[in-house]
Structure formats: structure tokens, C-alpha cells
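Student: Got a minute to go through a structure with me? I'd like to look at some side chains and some helix packing.
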Amino acid sequence: MSQKTQQTEIQNLLRAIPKVDEFLGWVSQHQAPLRVVKKVVRELLEDVRGAILAGDGSPSDLAKPHLLFRFDRRLTRLMQANFRTVINGTGVVVHTNMGRSLLPEIAMDNIRAAGARYSNLEFDLATGKRGSRYSLVEELLCELTGAEAGLVVNNNAAAVLLCLDTLARDKEAIVSRGQLVEIGGSFRIPDVMAKSGARLVEVGATNRTHLRDYEQAITDDTAMLLKVHTSNYRIIGFTKEVPLGDLVELAGRRGLVVMDDLGSGSLIDMSRFGLEKEPTVQEAVAAGADVVTFSGDKLLGGPQAGIIVGSKDVIDRIKQNPLNRALRIDKFTLAALESVFRLYLDEDEALAAIPTLAMLGASYAEIKRRSARVVRRLRKVVAAEDCVVGSLDVQSQVGGGALPEQTMLSRAVTLKPLSCSVNQLEKHLRAVAVPVIGRVSDDTFLLDMRTVADQEVSELVHAVAAVFSPHS
Ligand SMILES: *Cc1c(COP(=O)(O)O)cnc(C)c1O
């Protein structure tokens, strides 16, 4: 085609683009807000125009059914919520990218009430005067952990920052080189320490730190001995960590405080799930730490929160820090946290009602039954020539940066697609109404049934069916 005829062709196509008002007339029946419909029409027509100017246009692009199809697809994408429910088939129980912990029903009820109605958030019903939001959970927290006092903030990163700022600002805090953790999302102990104004003094070697290392590093400027749980990694082989009790004894002799950042911080001994024994919060308190910090939404199985417990005088100082106001917990979290703490008053009740604990404690037999049910239902709706459906033993992980070396025997539903690649299947399952997230291994898509609830089975089956027969 000559330059000239090409130019004429482009001019003709540009003239054939429908006007915005004309297009709006085609879609006037749409339920979506007019401003969204207008935005989609304008952007679509601009794209069409751009393609024509770039020499990529053709008359078929301007056919009304084709334009309406593109309009519908764009509008649907814009009208869909960004924040959505997904099905977690990864088998990672405390999955940080998927919202960490699922809350018990009673916590959800209390969140609803806290949002829809007035509450005594900061109103003391006994005196009729202003109250403190922390007092709503402090007594429970003390009862459960054995601590003298406690408070809760936005998350554990905030808890660590607040404690260091209160107790070690412009002073030194001594930490073992083996415990300079980086958690995901750019939380690094040395960086948080720098932000708090505390000076980090590293002692020991990466694999071994002795009590004498701490002792020799103490100066007139030292305020704190800090122990940090190496949540998401393990140093194995020739290793030594100083027990908390020894740090407490040393700190007592030298007039220092001991802080223990437990990270996950559980109130229940994880060895009951066949996992490695982790120090519980109660044990850290009993060993004499002045202040213990942990997350609300890791192994505890509650809402996102940072929980601080310890001796009364230390906690009182933390409560008075003005930074506390900037890190404060909101009423929904507080409502959920109180319900979760109440469940822990009866360990059996906690194990049954808190989803994180129930999933960690689920038996292999129970998971295998769920897997068999899903396989049976999938085979009814997915043609054998499209996808081979089966099941396989797999290992689930705790997640949340807790117990990184530990896994639990579980059962996965396996999908081996024949009419598309496994990577395409993985992508399609992320694009359905309730996305299904799993993992790919050996050209097979695996869905670990530990983290899929019985109530989610129908949605899961529909999602897979929709991928293989999109028009049914
Ligand atoms: C996870 C973790 C944190 C941060 O807790 P968030 O609740 O995620 O803010 C801090 N310290 C340790 C040791 C952790 O494992």
C-alpha cells in the first residue's frame, strides 16, 4: 500500500469511530454508575483511536458487537471489587499475602456490632467517665499470660518500635548477631532500632552467642538486653543461644531491662500438633522478661495487632509514650481481640473455634476425606480429556514466618490439565469470580485441602468447572 492510500485508509477509519454520545446510547441500559460507564467508553474509544493512528486498525475493530464486547469486559473489571475473597489452596496456614489468620465467628459478630453501634470503647461504664481502650483487654491478657500488665497496638512491628523507643532511646540495646532478623515487608531489627533511636550493639557470632558476650558488651549507656525470635530462619549445626532466664539474671545484676520479641508468640504449646516446641508467651513471662511482644494474627489466630505484656512499671512507661497514640489499635481489632482472648480461657474451645488452630490441628484423615469429596465432585464436572483429577500426599506449612523447618502431612487435590498448560490453568484460576490459589509442581496444579474449608468446596468446584467449560 502506498503512503497516500494508507493515510486515506486511516482517515476513513478515524471517521468511522462512533462518537461518545452515540456509544452511550448503545449502553444506556447499563446498571453501572454513569460516571464509570462514561469513563470506560471514553478510554475504549481512545484506545481504538490510538490503534488506528498506529496503523493497527481494521474495519472489524469498529463493528458494534466487537466494541460492545470490549466495553463489557472493561466495565466488569472496573466494577469488580479490588479486595476480594480467595480460596487458599497453598496449604500455608498463616499466609501473610492472603490475610494471615481467619477470625472465629464470635469475633466476626463482635466486629459487626462494634462497627454498626456505639460502644464503651473509651467510656468507663462503672464511673461514667472517660476510660481507656486498653483496659478492655488488659485483664484478660494478664490472666492468659501471667503478666502484671499489658497493652495492644497496631501490629508487632509497632510494638517493637514502641518498646525500644520507650526503653532504649539514646541508649544501647544488646542483641545477638544470630537474631538480627528481617521479616518480610522490610521489617528488619537493625532498621527498627535505628528508627527508635536506640543504638544497636551486636554481640557474639552468627551461629554462637554466649552469656559472657552480652556481659562484656554492657556499658554505662546500656539500657536493654534484647532477644529476638528467629522466626523465619534457623541456624543449625554448631549453635548456641543464651536462654532467656540467663539474660534475665544478668540484666537483674546490672540494672537493665530484658525484652523478648517472640514474633509469632503462641499461648498454646505447638508440640500438641506434632510441631517443634516453641516457647509460649507464658513461659517468656515466667522466665522474667520485663517486656514480651508478639503478633495478634500469627499463631495466636486473631486480628492484626501487636501485643505487649510485662512488668507493671515497664508497661506503665510504655503506656505514657506519646508514640503510643500514633500506633493505637482500632475498635474492630479490639473487638476481635477480646473475643479471641476469651476463647483462650478454655483451651479446648480455642482449638475448636479459632480457624488457625483448627487448621493446624486438622487430622490427616479429615483432610483426606475432604480431598476425596472434591475429587469426586470435580470428576463429575470436568471432562477427562480436559484435565486429569487426582490426589496426592503433600506437606503443609505453618507460615507467618513461624516454624520454617516444620511441615505437616496433608492431602492435595491434583489437576493435570490436558487442554491447556498448567501455567495457563494457574492463571485462569486466579481470574475467576472467587480466585483459587494453589501451587504448581511437576506440571501438576496442587490444591492442599488443609487450608480449604468444607464450606468452600462448592465454590472451588465451580471455579475449576468454569475454567474448563467457560460458557456453561
Ligand atoms: C512477624 C514478626 C514481627 C512483626 O510482626 P507484625 O505483627 O507482622 O508486625 C516482629 N518480630 C518478629 C520476630 C516477627 O516474627
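Student: Which side chain does glutamate 278 meet in a salt bridge?
Tutor: That's arginine 234, with an N to O distance of 3.4 Å. Keep in mind that this is a predicted model.
Student: Where in the chain do those two sit?
Tutor: They link distant parts of the chain, 44 residues apart. Glutamate 278 is in the loop between strand S11 (257–263) and H11, while arginine 234 is in the loop between strand S10 (222–228) and helix H10 (244–254).
Student: And glutamate 278, is that one buried or exposed?
Tutor: Buried: its relative accessible area is 9%, and the cut-off for buried is under 20%. Arginine 234 comes out at 24%, so it counts as partly exposed.
Student: How many salt bridges does the structure hold?
Tutor: It holds 25.
Student: What about helix H10, which residues pair up there?
Tutor: Glutamate 249 and arginine 253 form a salt bridge at 3.0 Å, N to O. Both are in H10, four residues apart, which is about one turn of the helix. Glutamate 249 is partly exposed at 43% relative accessibility, and arginine 253 is partly exposed too, at 48%.
Student: Which residues are joined into one network by shared salt-bridge partners?
Tutor: Glu122, Arg130, Arg133 and Arg328.
Student: Back to pairs within a helix. What does lysine 39 meet?
Tutor: The side chain of glutamate 43, in a salt bridge of 3.1 Å from N to O. The two are four residues apart in helix H3 (residues 34–53), so about one helical turn separates them. Lysine 39 is partly exposed at 38% relative accessible area, and glutamate 43 is partly exposed at 34%.
Student: OK, changing topic to packing. At what angle do the axes of H7 and H8 cross?
Tutor: Roughly 50°, with the axes of H7 (residues 156–168) and H8 (residues 189–196) coming within 9 Å. That angle makes H7 oblique to H8.
Student: Is the crossing left-handed or right-handed?
Tutor: H7 passes H8 in a right-handed crossing.
Student: Which residues meet there?
Tutor: From H7 you have Val160, Leu161, Leu164 and Asp165, and from H8 they meet Ile189, Val192, Met193, Lys195 and Ser196. By class, that contact has six nonpolar, one polar and two charged residues.
Student: Now H6. Which of its residues are buried?
Tutor: H6 covers residues 135–145, and the buried ones are Val137, Glu138, Leu140, Leu141, Cys142, Leu144 and Thr145.
Student: What do those buried residues pack against?
Tutor: Two strands, S5 (149–153) and S13 (306–310), plus three helices: H11 (281–286), H12 (312–320) and H14 (331–344).
Student: And what happens just after H6?
Tutor: Glycine 146 takes a positive phi there, about 80°.
Student: Last one, valine 374. Where does that lie?
Tutor: In helix H17 (residues 364–381). Valine 374 is buried, with a relative accessible area of 0%.
Student: What does valine 374 touch, leaving out residues up to four places away in sequence?
Tutor: Val413, Met449, Val457 and Leu460.
Student: And how far apart are valine 374 and serine 295?
Tutor: They are 34 Å apart in space, C-alpha to C-alpha, and 79 residues apart in sequence.

Technical notes. Residues numbered from 1 in each chain as written. Predicted model: local features only at pLDDT ≥ 70, side-chain atom pairs only at ≥ 80, totals over all residues. Heavy atoms only, no water. Buried < 20%, exposed > 50% of the residue type's maximum accessible area, 1.4 Å probe, protein only. Contact = heavy atoms within 4.5 Å. Salt bridge = Lys/Arg side-chain N within 4 Å of Asp/Glu carboxyl O. Axes fitted to C-alpha atoms, helices over the stretch in contact; angles between N-to-C directions. Parallel < 35°, antiparallel > 145°, perpendicular 65-115°, else oblique. Left-handed = near helix turned anticlockwise from the far one by under 90°. Nonpolar A, V, L, I, M, F, W, Y, C, P; charged D, E, K, R; others polar.
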